[in-house]
Amino acid sequence: MNQKVLLWLVLVAAPTLVSPLARTQNQPRVEERGMGRKLFLQNCASCHGVNGDGRGIVSPALRKQPTDLTRIPPQDGKFPSEALAKVIVGELALPVHGQR
């Protein structure tokens, strides 16, 4: 997946999928939420679950339980978009995600 699409997913769409705090701030347009959800379902849901709760279809086969994305704590009162973007684009590697 292209890095621009991934960054868009994190900075615009992901907050509405995983953070109750973000749902009240800077609401993305309906079409943006739809695109973000589609990208999440294609690339993340198998491990993190369709609702981001860490209970994806492959999670029982994994050594480590996937993160419950619905419980990502705010940083300084905001959704941590920048930190998550670094993980998604591979700038901040998570060994459980494997090699990029």
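## Touring the four-helix chain

Start with the surface of the whole chain: about 6900 Å² is exposed, and carbon and sulfur atoms supply 55% of it. Keep in mind that this is a predicted model.

**Whole chain.** Switch to a cartoon view. Four helices appear, and zero strands. Read from the N terminus, the order is α-α-α-α. Now colour by accessibility. The chain has 100 residues, and 33% of them count as buried. Next, display contacts between residues at least 6 apart in sequence. Of these, 38% join residues at least 24 apart.

**The loop between α3 and α4.** Select α3 at 45-48, then α4 at 81-88. The loop between them holds D76 and also T70. Take these two residues in turn.

**D76.** Centre on D76 and check its backbone. Phi is positive, about 55°, although D76 is not a glycine. Is D76 buried or exposed? Its relative accessible area is 80%, so D76 is exposed.

**T70.** Move along the loop to T70. Its relative accessibility is 31%. That value lies between the 20% and 50% cut-offs, so T70 counts as partly exposed.

Show side chains here. Which side chain does T70 join through a polar contact of 2.4 Å? The partner is D68.

Finally, add N51 to the selection. N51 and T70 are 19 residues apart in sequence. Draw a C-alpha to C-alpha distance between N51 and T70: it reads 7.9 Å.

Notes. Residues are numbered from 1 along each chain as its sequence is written. This is a predicted model: local features need pLDDT of at least 70, side-chain atom pairs count only at pLDDT 80 or more; totals for chains, interfaces and linings use all residues. Side-chain values use heavy atoms; hydrogens and water are left out. Helices (H or I, at least four residues) and strands (E, at least two) are DSSP runs, numbered from the N terminus. Buried means under 20% relative accessible area, exposed over 50%, partly exposed in between (1.4 Å probe, protein chains only). Contact means heavy atoms within 4.5 Å. Accessible areas come from the Shrake-Rupley method with a 1.4 Å probe; for residues, only the protein chains shown count as cover. A polar contact is a pair of N or O atoms within 3.5 Å; within protein, one must be able to donate a hydrogen and the other to accept it, and residues adjacent in sequence count only if both atoms are side-chain atoms.
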